[in-house]
Amino acid sequence: MSVAQPKTTINAVMHSPLRVLDPIITTAHITRNHGYMIYDTLLATDKENKIRPQMVQDWKASDDGRTYTFKLRDGLKWHDGAPVTAEDCVASIKRWATQDKMGQLLTSEMAGMKVVDASTFQISMKEPSDLAVRALAKPSGVAPFMMPKRIADTPPTQAITQYIGSGPFKMVTAEFKPGVQVVYEKNTDYVPRAEPASGLAGGKKVLVDRVKWIATPDAMTSVNALANGEVDYLEQVPFDLEPIVSANKDITIQVLDPQGYQTVMRMNFLHAPFNNKKIRQAAMYAVGQEPVLQAVIGNPKYFKTCAALFGCEGPYASQEGADVTIKANPKKAQELLKEAGYDGTPVVILQPTDTPSVNSQPVVIGQALRAAGFKVEMQAMDWQTVVTRRAVQAPVKEGGWNIFATNNVMAEASDPLRAFGVAANGKGAWFGWPDVPEIERLRVAFSRTPDEAKRKEFAGQIQKLVIDEGVLLPMGQYYVPAAYRKSLSGALESPVPVFWNIQKK
């Protein structure tokens, strides 16, 4: 008589509870993390940021560089057992492209997209460009996850209600409690690629039976649960508690995303006072990176100041606008306010109170703006309310806003196409809705040139315009350590926390 083996479960505390399950309608990282559990992508980036095939077996470009043909690999199945088809992928790309800024650019540059046969589809471009490949390998922001056509046909303004992917885990919907827990089980039908796992690419081998994400009431509870073995994995170690975690011999601390994060400030172009360029510039001069990073991180081991909008060490790093972005200049801010005729219109800053990674920035911004002569009104709320409120285009008196702060992983902000915060196509842009046609012209030029030196030049010009117009203020780069018990091994370095390749003994 055989004895059933106990199921191996990784218990994890993520940076935020999971409530929104549709990874195409939000840029929230927790929903993106959920997406990587149950969905797969056509292409992926490896540890070195090279683009690799994932669901596709291979792709090839036509001689004129305008048409790309993608062929799916064998053995792909949806969680309900149906085969993955090219028709599913085309429908998924269409839905994703309505929501993602890089997807929107792809659509505008595309001449057409068609199904060739059950496992093959083509994307044709108006001009020679590798934008289709770069877009389908986009790892974050809104990642292009593949779904069955019947689900992908859901209007992008409406959340999906079925959670069927082809990825390495299945969601156990019966055990989902919004904001409390979500459970995933190994997808036994998943066929990993043969290559070793690297970043988000390669073989996604699941080596445990289940993964359970558990919400905890506060950071100290999470750390204590990790210390006593109630949980195995903590996605983000609170910086102030890092010394406690480091002292525990049963726990490994590791920065699993070496590219790190960027924290940014966003202003609303639609309403006063930031519909005035000089007043936007005054706000940019008012805020310095060091006070923000000290408040959010504290430990200089984990942060750095730099002017670069697309990553301090990235291929498109630039010093454009450094005089505005790195150090606060309240005197210059005051001069600009005077020139602009600022009339004391209050600046409403959205202040989340429940998420440590984003609750300090608004306080520092508020203090800096007051010192420069702005009238400031802080409005406290939870992060989920910020996420909802920042989408409101109405004036402040009708539920709108003037400033919010958030964080990007550098993998979603490492060039002018991935960085959704630099898109400046008015009402089609990210929350804040900047309208700067020259930025859009340069983004298209960047997408069309294969010349890396020219791309770097375009990226520098875009950064200069972004800072000059007040589109987005980079407030520094930082790195977040994860912690896990030494009973786990195989955690991958990746811009997204992933649970394949991890063993638990």
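**Notebook: sheet, helices and salt bridges**

I began with a single cross-strand pair and noted that Trp59 stands opposite Phe70, a residue of β5. For the entries below I keep in mind that this is a predicted model, in which local features need pLDDT of at least 70 and side-chain atom pairs count only at pLDDT 80 or more, while totals for chains, interfaces and linings use all residues. Residues are numbered from 1 along each chain as its sequence is written, and side-chain values use heavy atoms, with hydrogens and water left out.

**Entry 1, the four-stranded sheet.** I looked up the bridges between β4 and β5 (residues 67-72) and found five of them, with the two strands running antiparallel. Strands here are DSSP runs of E with at least two residues, helices are runs of H or I with at least four, and both are numbered from the N terminus; two strands are called paired if DSSP finds at least two bridges between them. I then traced the whole sheet, which is open, has four strands in the order β4-β5-β7-β6, and is paired in the antiparallel sense. The edges are taken by β4 (56-61) and β6 (110-117), each of which has a single partner strand, so one side of each is left without a neighbour in the sheet. From one strand to the next I noted an average twist of 15 degrees.

**Entry 2, helices on the sheet.** I next asked what packs on the sheet, and noted helix α2 (residues 86-99), which touches β5, β6 and β7 (120-125) and whose direction makes about 155 degrees with that of β6. Contact is counted for heavy atoms within 4.5 Å, and angles, which run from 0 to 180 degrees, are taken between N-to-C directions of axes fitted to C-alpha atoms, for helices over the stretch in contact. Helix α3 (residues 101-109) also packs on the sheet, where it touches β6 and β7 with its direction at about 90 degrees to that of β6.

**Entry 3, β6 and β7.** I counted six bridges between β6 and β7, which run antiparallel, and I saw that a hairpin of two residues joins these strands. Within this pairing, Lys114 has Gln122 of β7 as its bridge partner.

**Entry 4, α3 against α14.** I followed α3 to helix α14 (residues 437-448) and found that their axes come within 11 Å and cross at roughly 75 degrees. That makes α3 roughly perpendicular to α14, on a scale where under 35 degrees is roughly parallel, over 145 roughly antiparallel, 65 to 115 roughly perpendicular and the rest oblique. From α3, Lys101, Leu105 and Glu109 meet Arg443, Val444, Ser447 and Arg448 of α14. Sorted by class, this contact holds two nonpolar, one polar and four charged residues, where Ala, Val, Leu, Ile, Met, Phe, Trp, Tyr, Cys and Pro count as nonpolar, Asp, Glu, Lys and Arg as charged, and the others, Gly among them, as polar.

**Entry 5, salt bridges.** I searched the whole structure and found 24 salt bridges, each defined by a side-chain nitrogen of Lys or Arg within 4 Å of a carboxyl oxygen of Asp or Glu. One of them joins the side chains of Arg95 and Asp22 at 2.8 Å, N to O. Arg95 lies in helix α2 and Asp22 in the loop between β1 (9-13) and α1 (29-38), so this pair ties together parts that are 73 residues apart in sequence. I checked accessibility for both: Arg95 counts as buried at 4%, and Asp22 counts as buried at 2%, with buried meaning under 20% relative accessible area, exposed over 50% and partly exposed in between (1.4 Å probe, protein chains only).

Returning to the α3 and α14 contact, I found the side chains of Arg448 and Glu109 in a salt bridge of 2.6 Å, N to O. Arg448 in helix α14 and Glu109 in helix α3 are 339 residues apart, and the pair thereby links distant parts of the chain. Arg448 is partly exposed, at 35% relative accessibility, whereas Glu109 is buried, at 6%.

I also looked up Asp130 and Arg455, whose side chains meet in a salt bridge of 3.0 Å, N to O. This pair links distant parts of the chain, with Asp130 in the loop between β7 and α4 (131-136) and Arg455 in helix α15 (residues 452-469), 325 residues apart. Asp130 counts as partly exposed at 26% relative accessibility, while Arg455 counts as buried at 4%. I noted last that salt bridges with shared partners join Lys277, Arg280, Asp468 and Glu469 into one network.
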